[in-house]
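Here are some worked exercises to try with the coordinates open. Have a go at each task before you read its solution.

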Amino acid sequence: MDVVKAVQNYINKMVNEVPGMKVLLLDAETTPIISNVMTQSSLLSHETYLVDRIDNRNRDRMRHLKCICFLRPTTDSIQLLVEELRDPCYGDYHLYFSNTIKKSSIERLAEVDEQEVVREVQEYFADYCAINPDFYSLNLSLPQHHLYGDSKHIWDGKALQRVVEGVLAVLLSLKKKPLIRYERISKMAEKLAHEVLYQIQEEGPLFDFRRTDTPPILLILDRRNDPVTPLLSQWTYQAMVHELLGIHNGRVDLSDVPDIRPELKEIVLSRDQDPFYKKNMYLNIGDLGANIKSYVEEYQSKTKLSMNIESISDMKRFVEEYPEFRKLSGNVSKHVALASELSRLYEKENLLEVSELEQSLACYEQHSSDLKSLQKLIESPNISEESKIRLVILYSLRYEKSQSNVITSLIDQLHKHGVSEHKISLIGSMIQYSGTEQRQDDLFSNESIFSKGKSAFKGLKGVENVYTQHSPHLAQTLELLIKGKLKETSYPFVGNSTKDRPQDIIVFMVGGATYEEARHVAQINASTPGVRIVLGGTTVHNSDSFLNEIQDAFYRFQQSGSPAGTRPPKFGRSRR
Amino acid sequence: MMSSLSDSNPFTNLSASSNSFPTNNSQRESFDDFTNIEQCLCPLCNEPMVSISQLYRHLSDSHDIHLDSLDSSTDQKDDGFIQLLKKAQSTILNPLSSKAKNIAKLPQMAINKVNDVDSIWLDEQSDVVTKIHWQFEDDNDLCTNSTCDKSLNLRNGKYNCRKCGKLFCDSHCRLPMRLNRQALHDPVEGIWCRVCDDCFQSREGYLDTEGVMRSHTTTFIKYRTKGIERAHLEGNRLEKRLEKLAKVYATQSSPENNSQSGLKPSLTIMHRRRASEQSIVKWEDDASVSCCPLCQSQFGKMINRRHHCRLCGRVVCEKCSSFKISLNLTNCSETTDNDSIGEVRACKTCRDAVFRRKEYNEEISKTPPVVMLYQKLMKIKTAIDTTLPKFQDMLIMLKSQEIVNQTHADYQLAARTRKELLDNFAQFDAISKKINSLLARSKTEKRLQASIHLAANQYLQQNMLPLQVLPKLLKKEHDNDYYEDYHDSSPDMLLSVFDNGRTRTISTSSTKSLKGEETIRQQLAVLLEQETLVQGYIVDATKQRKFDDVKTLKTALDELKVEINKTRKELGTTSSTSSSSTTSSSTSSTLSTSSTLSTTSTSLCDYDFMIATLL
């Protein structure tokens, strides 16, 4: 159950099976799938010398090249391929589709292939972006994709289609025919669960796998049951980079960073290529700082070593090691630049202070003291508007049902400090999207006497790190599922059911997963032998993209009656 | 930037407050460590427990008390702690019933030492699944798991993996798997048994990374053949017509054309020709068509005139029939006459139908220079790929047998293979450079050539650089021979210590035999090679603005230059400088490939960005 390996395996198969000079032809959606798991050099080593987009009309004719097309079978891509085959640029064509292709599309393609250039037509189900071995995303993000249809409980038709195909591709690439469970209260999760079950039954022969001891579980969750996790400031490396800078298809844009060296304007974070990153991606920034320091020291000692070249044999060694050395020095400067930018950003935005309150709001019931510090932070000019909004949202989510809450007065206070109306309206949208009424589990443990007692008990235990106390709701759900104690009343099965403890679990989060959850899944995988979990979602959220999606959705719900109106500006921090 | 980081760690304020993440597990484990209880009893059934963690599991499995729910499971309305108290209360209130139940279980538990995977599964398996293959217990058994060296006792646990039968400690034999009576994996009918990690993972398909693939090639070809037959028929029909046209032109034009060469064919001929053309294909009536069927432009009397395609007979406009197909008899028959005997008007569709296939085949059969060179490149690559492992085997063999004698057959064979490999590598490099320098007709072609060059460099970096290290083995032995021959370590000293080399060189000059001179030349060649290498690095490093590196490299270069001069002088005293320069230049030329190679290879690792950036 390793999604990265599964996708790599598909791609290696594509480029390995055809000998000779090759060009790889991709479309807009398969490009990120490949770039997440393959490097230029690994493609080159398989004689794949050119990579191009099928929607690029100005490709030169090179009949001596063989062409490997890896496309999503969308109408656009099929149309482009039809035009390509009518007047082929290359010698041989090997067509690989990332999902099931319709009979009629095959017929259409066959009709135009008068030159008989097509050698092969295959379906390889690499139809998702594999980020970590146990983390994938369908990359359904704004502005191209909208998740919600006419209301917050209804799928957008296209998005649902894409998600069903994506989930099926994950199952097929991992060879799993799962039993499906979903979050009862979520209409979207239910719809998806039924749709996936229907498709599995439709595609009977494809899902004919050998029996396993206990059937794998596909668990479909909804983001709105845990709106807190994507709102919190993150302190572990991968999550923090995504929260503050954004990771897009394995790349981080540093071009806004002051005084950045030109070669570091855009950097690649790849587990496969970068052992330092692989080792430290789940560590918090404190431990990371120490590790970077020792990494730098290691580099310095190596430079020193190369400084005192005393003999020719020393030098010979140096010369031979030099490429390796260069690689190391490039990597060191990359991580140093990244870490120093992270520390600059969190210092600039006073995130330590903000995060402490965030964690307290997320974990403990301490109304009066938290309110006091919240009001203080709203007054403070050193805190960004985005942080203020996030804090008030967290406060409103927790104390929504509390008698003594002062949400309205907090909103007034925000107004007074010049926070714009469209940002403030997000607070209401968030309550509508995922207030108590929308959540099925007692997220804050404050809905009954018993759970209140428990959270008080939790508070007494004491914590080791103030900034990383919060553990996402997903972790608890998974723990229960592994023990076979996840209640069927809250997480019902669609179709067949089982009482066995699951060994392989595939989670799909409607509305997007987060890197914090990915880290917890990795931890569970490492600490629980015999259990393998893969997490995925419609996209990977940070607080900005999450709030943006909510803002966009509610904007469109309001606009559905009256078409006119100005779109609110994008929510998010300005970098400079 | 780096120094600032090492001076003051910007994360110290955080790292002070952050250690590891609080997990339930770690806390419990540490509690175990502190208490260090050898034995404790279950408070409910008085069963002896090895450790606190086992007690937790026992409570959870046998008495259904879940201490984990203390800090997890928020959706359970009744809180874990209270649940625990309630359970305890109920069991204390009815001690007899629970005790009785456990006493019944006890003997079995004693045999199996309490399976904490799940007690229910255990009860079944003890009767059904065979134990014939179990490893015999001993007093000093060790855990079979290769990463674990615990001795098996009451504290660590001692379990037979139900599948392979070997003995393991508790933590390495606790995975559940379904087995049948013969202790074989049976996912359908089997009973849950505890097995070791290896058995668990070696289940068929468990570590499979190969996803589902579905081929539609046959369906595609089926559909295509249908369409292709139609297209073929159409193409053939048009070709036939073309043939006929050519014959008509040939018979009609040849006698008259000869007599009135240079003049336009007379009207009568035109008429006659038109008639015969129309006999081949029926022409469409002018009046029935008001606009061009291909481009939809309106026909007029004067401006956009009607034309007939001679192949299909349709009326088309000037623009869409501007392709004149030249007729020659070779098209249809095997005559040697290759000259065109005229041109006919044809519409776009007909032209494509007739010529597309032909053009495609022609383009395929033409091999551009890149392809030729590339084929050569690949040939050399396969040669290298076959000899390289052989050579490595040889080296290992030489090393293991400690053959240092140069004259030994194996040694010489290895040396020859090495030379062969180096030649191949040099050729490989040369061809890849040639490909890169080919004249490109377009940007894409240039990109293709550059990529091939890059890939070739990558290949060389992977395979040739290790080879450069390996020969040291041979060379070392080589040098050793010289030691023995001359009892003079000076040539090697020259290599190793050159900061106080002056004193050494004096000693070298004292032992100037013919062979000594040879070795000095070899040193010089090596030095020169190093010099070019380092110069390349300096250029590279300055480009990358890595001034630290540049400094280091520069000092190295200066020292090298001093050394080269010294060696040159030395040679000059022994023999004519001309001979030395020729030898050095020849060696350096063969080796310069390697130097440029490694400089490009260094930039390669920076090249390793994702493809998406390319697009």
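**Exercise 1. Lay out the domains of chain A.**

Start with the assignment: chain A splits into domain 1 (3-126), domain 2 (131-226 + 472-541), domain 3 (237-348) and domain 4 (351-458); these bounds come from an automatic or database domain assignment. Next, take C-alpha centres: those of domain 1 of chain A and domain 3 of chain A are 35 Å apart.

A quick note on ground rules: this is a predicted model, where local features need pLDDT of at least 70, side-chain atom pairs count only at pLDDT 80 or more, and totals for chains, interfaces and linings use all residues. Residues are numbered from 1 along each chain as its sequence is written, while chains are lettered from A and ligands numbered from 1 in the order in which they are written.

**Exercise 2. Work out how strand 1 of chain A is placed.**

Step one is burial (20 or more other C-beta atoms within 10 Å of a residue's own, with C-beta atoms placed from the backbone). For strand 1 (residues 22-26) of chain A, 5 of the 5 residues are buried, so the strand is largely enclosed by the rest of the structure. Strands here are DSSP runs (E, at least two residues) and helices are H or I runs of at least four, numbered from the N terminus.

Step two is side-chain direction. A:K22, A:L24 and A:L26 point one way, A:V23 and A:L25 the other, and all are buried. That fits the usual pattern: in a regular strand the side chains alternate between the two faces of the sheet.

Step three is pairing, which needs at least two DSSP bridges between two strands. Strand 1 of chain A runs parallel to strand 3 (residues 62-71) of chain A over 5 bridges, with A:K22 partnered by A:K66. Another 5 bridges tie strand 1 of chain A to strand 2 (residues 48-53) of chain A, also parallel, and there A:L25 sits opposite A:D52.

**Exercise 3. Find the edges of the seven-strand sheet in chain A.**

Read off the order first: 7 strands make an open, mixed sheet, 6-7-16-14-9-8-13. Strand 6 (129-132) and strand 13 (493-494) of chain A are at the edges with a single partner strand each, so one side of each has no neighbour in the sheet. Now check one edge: strand 13 of chain A is joined to strand 8 (residues 179-182) of chain A by 2 bridges, antiparallel, and A:I180 has A:V494 as its bridge partner.

**Exercise 4. What does helix 6 of chain A pack against?**

Begin with its geometry. Helix 6 (residues 157-173) of chain A has 17 residues and spans 24 Å from first C-alpha to last, close to the 24 Å expected at 1.5 Å a residue (1.5 Å times one less than the number of residues). Its buried residues include A:V163, A:L168 and A:L172. Those buried residues pack against helix 1 (3-17), strand 7 (135-137), helix 7 (187-202), strand 14 (504-510) and strand 16 (532-537) of chain A. After the helix comes A:K175, with a positive phi near 55°.

**Exercise 5. Locate the nonpolar cores.**

A core is a set of buried Ala, Val, Leu, Ile, Met, Phe, Trp, Tyr and Cys residues joined through C-beta atoms within 7 Å. The largest has 181 residues, and A:C69, A:I220 and A:V507 have the most contacts inside it. A second, separate core of 20 residues includes B:L238 and B:V315.

Notes:
A residue is buried if 20 or more other C-beta atoms lie within 10 Å of its own, exposed if 12 or fewer, and partly exposed in between; C-beta atoms are placed from the backbone. Two residues are in contact if their C-beta atoms, placed from the backbone, lie within 7 Å.
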